[in-house]
Amino acid sequence: MSKLTTSRSELDLDRPNIEDYLPPDSIQQPHTKLRLRDLLDISPTLTEAAGAIVDDSFTRCFKSNPPEPWNWNIYLFPLWCLGVVVRYGILFPGRVLILTIGWIIFLSCYIPVHVLLKGHDKLRKRLERALVELICSFFVASWTGVVKYHGPRPCARPKQVFVANHTSMIDFIVLEQMTAFAVIMQKHPGWVGLLQSTILESVGCIWFNRSEAKDREIVARKLREHVEGTDNNPLLIFPEGTCVNNNYTVMFKKGAFELGATVCPIAIKYNKIFVDAFWNSRKQSFTTHLLQLMTSWAVVCDVWYLEPQNMKPGETAIEFAERVRSIISIRAGLKMVPWDGYLKYSRPSPKHRESKQQSFAESVLRRLEEK
Amino acid sequence: MGSASSTLTQYDIEDVQEHCNNLYSQQEIVSLYKRFCQLDRNAKGFISADEFLSVPEFAMNPLSQRLLKMVDGLNFKDFVIFLSAFNPKASMPQKIELIFKVYDSDYNGKVTFKDIMEVLRDLSGSFMSDKQIEEGLIKVMEEAGYSKDSSLLLDDFVKILDHPGLKMEVEVPVD
């Protein structure tokens, strides 16, 4: 089966051959003479469809696991109630306090720096970076975040890009408290959008809009410019394009992998015992998600900074992306699925159906010729 | 059974089991219910066509539109009854009846030459011309003893399709 080729102007999202991942075609392609029975027998196609109805690997990626209810009995129930009281009555107000103090400190430093140091760009940039790292640390503290960083810390060099798997917007905060990355994000409404357009601008962020077709070319150009600039903060990209539930990875978009830069993979794995950090954007707003984190016991996660990768000679951007995805998935213990994350928002391209139809047609025509 | 309840009672499970002739175990029915609730996003009590199509593997199936007509709007009990044809223990006539229903889109109990051609068009897309489909179909039908004007009934389908090689089995994952 030939590789899917697409041009830049197509809305279709590029992906490697899905057929390489899915189980081998159950539609047999024997070479015997065609009989009426063979033509009428649509059972393999029906079986595939029913199999997809019963269970499919795409929906599994976005399933948030509800917390197991405890076994209630006379001893555990009061303990659980005590836990709720502690979490909501003591921890939560404490955390809100920490966060408020953090914001006060941050704003009282950031605004003067931003306004008064307008002429001294280098110094201002350095201070703003440090302040952004500071407020992110406050955020992480407000969830009692216990983050273990493994591997060499990222350094700011030109011609390099960082990629990570994506579970929630807090991924960005967890990484940002260690290094002030520039990030490429979907523009959000509400208070998040306000933060994006003011504070995140100072670390150098790039915005995209999923729904705009022309957007891809503009964004690709901005990415390239950022990566080639010597003064910019290191760029962090989440190539999955959407939040996945930290048990699976969906296919990486090739945009980050065709910039001619070194790709440094980062793997993030949250410990589900403490809280499920998956942000199911279909089910809750970011505010609700943050509140849920702030009323849990802790957010525990591991961050691995992995060995930087370069495109091998003769490797395409898509192959490069898949190679890096497998490095991250193996490190974080995630299963790889052959789906494009954007299928959350749109239907699959007709190409897949067409390749099935083509193989059916070819088999029928060939067998009709047989004697 | 309540339309939007998120828990099944033992009575509900047994009721569904009875209607699918005990083809599914109680665990499998609970699994199917979890899946049903996962697909039925706003707990309406049935899965809409759009929600079925949000499963990419289903949407890219060439017969998805035909199957949608059969599964759109089914409540949980009928959903299980539909899927029971894919149970490994289901009888051959039950499986063949489902295949027949996919062809017989106007539910008149007869599958005509035109009906078969339409299914073949779905399966082959733009890769076979109408003429090629028609000629191929006439050839195999005549070899099997049917003419272009014959209408096939369910019994004919059973006669043609019933053979041990027909496998239409989907396992229900039980965690």
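**Exercise 1. Work out how helix α11 of chain A packs on helix α8 of chain B, and which residues meet there.**

Step 1: find the helices. In this predicted model, α11 covers residues 350-369 of chain A and α8 covers residues 113-124 of chain B. Helices here are DSSP runs of H or I with at least four residues, strands are runs of E with at least two, and both are numbered from the N terminus.

Step 2: get the geometry. The two helices pack at an angle of about 120 degrees, with their axes 7 Å apart. Axes are lines fitted to C-alpha atoms, for helices over the stretch in contact, and angles run from 0 to 180 degrees between N-to-C directions.

Step 3: name the arrangement. Under 35 degrees counts as roughly parallel, over 145 as roughly antiparallel, 65 to 115 as roughly perpendicular, and the rest as oblique. So α11(A) is oblique to α8(B).

Step 4: list the contacts, meaning heavy atoms within 4.5 Å. Gln357(A), Phe360(A) and Ala361(A) touch Leu120(B), Asp122(B), Leu123(B) and Ser124(B). Sorted by class, that's 4 nonpolar, 2 polar and 1 charged residues. (Ala, Val, Leu, Ile, Met, Phe, Trp, Tyr, Cys and Pro count as nonpolar, Asp, Glu, Lys and Arg as charged, the others, Gly among them, as polar.)

A word on bookkeeping: residues are numbered from 1 along each chain as its sequence is written, and chains are lettered from A and ligands numbered from 1 in the order in which they are written. Local features need pLDDT of at least 70 and side-chain atom pairs 80 or more, while totals for chains, interfaces and linings use all residues, and side-chain values use heavy atoms, with hydrogens and water left out.

**Exercise 2. Describe the whole interface between chain B and chain A.**

Step 1: count the residues. On the chain B side 58 residues are in contact, and on the chain A side 43.

Step 2: look at the area. About 4700 Å² is buried, with carbon and sulfur atoms giving 72%. Buried area is the accessible area (1.4 Å probe) that two parts lose on being put together, summed over both.

Step 3: pick the top contributors. Glu57(B), Met60(B) and Phe127(B) supply 16% of the area chain B buries against chain A, more than any other three residues.

Step 4: check the salt bridges (a side-chain nitrogen of Lys or Arg within 4 Å of a carboxyl oxygen of Asp or Glu). There are 3 between the chains. Glu143(B) and Lys33(A) form a salt bridge at 2.9 Å, N to O.

**Exercise 3. Find what Arg367(A) pairs with, and what that pair ties together.**

Step 1: the partner is Asp38(A), in a salt bridge of 3.1 Å, N to O.

Step 2: Arg367(A) sits in helix α11 of chain A and Asp38(A) in helix α1 (residues 36-40) of chain A, so the pair ties together parts that are 329 residues apart in sequence.

**Exercise 4. Trace the strand order of the open sheet in chain A.**

Step 1: the 7 strands run β1-β8-β7-β2-β5-β3-β4, with mixed pairing. Two strands pair if DSSP finds at least two bridges between them.

Step 2: the edges are β1 (145-150) and β4 (206-208), each pairing on one side only. Twist averages 25 degrees from one strand to the next.

Step 3: zoom in on β7 (residues 262-270) and β8 (residues 299-305), which pair antiparallel over 5 bridges. Ile268(A) stands opposite Val303(A) in β8(A).
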